[in-house]
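Here are a few short exercises to work through with the model open beside you. Try each task before reading its solution.

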Amino acid sequence: MKPPGEEESQRLGTLLLNTLAREMRLWRAPVLKNGCIQGSDISPPQYQEVIVWLCEMSSLFQFSSETFALGVCVLNSLLAAVKTRQKYLKCVAITSLILAAKINKEDEVIASVKDLLEQSRCKFSTAEILRMEQVILNKLHWDLYIATPMDFIHIFHGLLMSRRPQLMWSISQKRPCLQASLWTRQLQHCMACHQLWQFKGSILALAIITLELERLTPDWFSVFTDLLRKAQMESTEFICCKETVDEYLTGLELSLPTNTVYILDAASMLVFRGHDMQEDDGDGNRKTARGAQKGDQDVDDFYDGFWCLYDEDMSKKTGSHRLQDMQEQISPCTPLRPSSS
């Protein structure tokens, strides 16, 4: 695949300027006062909990990462503009996500809001969601086309691919889409952090990218300064955001449970392999499940993140993925058991 040329780089530069102008016009963030969002009784932990829940709902509805990011931005804009009680927070959040899905033309929400509410097991009625939609639209003046951090992740990734293709192909193990997928996951975590409210999406996106480039390549500073200049950011604000993101993401890594030492359970392995090697063909016969596709397993696993990122049809999975799904239904874990020593 040929890397984008100068014409593509110029197009992305224009897109960046337009998105920055849109961010300058519409971006709003909540303000903390006395341990709660100003004008409400919503605390930072309660906010973080609802953002995590919103991410789960977005995944359940099979919405794109762009829709989730826009939903959070709509929610933040409303919290910054209107005094909101904590008991209405979930209703406002799910309505913001549904509005974002309508803007991004997600097929699932166009079909039926009622079906989405049933999937989410929310106790809200369709009428309540429609009334909340009207409130949000009126308070935000019917202008929800907010520039999100995800927009800037895609633009910065495109600029790096157009201007530094060799660097991007080298640091991402010849799969640049994986790097964008990683930045997307990190961004979703950061959007739940109240300490990062004060930073615009462009600054947050560039901070996440710069931290990863700093870790992967010695040439990160020249790449960073080029993007910083194009994004027209203040270096002091960016440095503050970068330090906060670094501290937050490092804290998430440290909060994960320590690795458990496992030993092979031979008896479980025999049972596992018995299921692994065979599956029912529908006529009562048994057929082999392993095959020539084993060599494709690693490559396919890498591209799971790419499918999720760009919301591609999951029916494109290979036979090796169907085998993996079957194994997960048989047993939720590998045939290992914790060591008792």
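**Exercise 1: a serine and its surroundings**

Work out whether Ser-202 is buried or exposed in this predicted model, then describe its surroundings.

Solution. Start with accessibility: Ser-202 has a relative accessibility of 3%. The cut-off for buried is under 20%, so Ser-202 counts as buried. Next, place the residue: Ser-202 lies in helix H11, which covers residues 201-216. Now list what Ser-202 touches, leaving out residues up to four places away in sequence: Leu-20, Glu-23, Phe-152, Phe-156 and Met-233. Finally, look at Glu-23, whose side chain makes a polar contact with the side chain of Ser-202 at 2.8 Å.

**Exercise 2: the span of a helix**

Check what span helix H12 should have, and find its buried residues.

Solution. Helix H12 runs over residues 220-231, which is 12 residues. At 1.5 Å a residue, counted for one less than the number of residues, the expected span is 16 Å. The end C-alpha atoms of H12 are 16 Å apart, so the two values agree. The buried residues of H12 are Val-223, Phe-224, Asp-226, Leu-227, Leu-228 and Ala-231. Then step past the end of the helix: just after H12, Gln-232 takes a positive phi of about 55 degrees.

**Exercise 3: confidence**

Which stretches call for caution, with pLDDT below 50?

Solution. Begin with the whole chain: the mean pLDDT is 75, and 67% of the residues reach 70 or more. Residues 256-266 have pLDDT below 50, with 15 contacts in the model beyond near neighbours in sequence. Residues 268-341 also fall below 50, with 84 such contacts. Where pLDDT is low, predicted coordinates should not be read in detail.

Notes. Residues are numbered from 1 along each chain as its sequence is written. This is a predicted model: local features need pLDDT of at least 70, side-chain atom pairs count only at pLDDT 80 or more; totals for chains, interfaces and linings use all residues. Side-chain values use heavy atoms; hydrogens and water are left out. Helices (H or I, at least four residues) and strands (E, at least two) are DSSP runs, numbered from the N terminus. Buried means under 20% relative accessible area, exposed over 50%, partly exposed in between (1.4 Å probe, protein chains only). A polar contact is a pair of N or O atoms within 3.5 Å; within protein, one must be able to donate a hydrogen and the other to accept it, and residues adjacent in sequence count only if both atoms are side-chain atoms. Contact means heavy atoms within 4.5 Å. pLDDT is the predictor's confidence in each residue, from 0 to 100.
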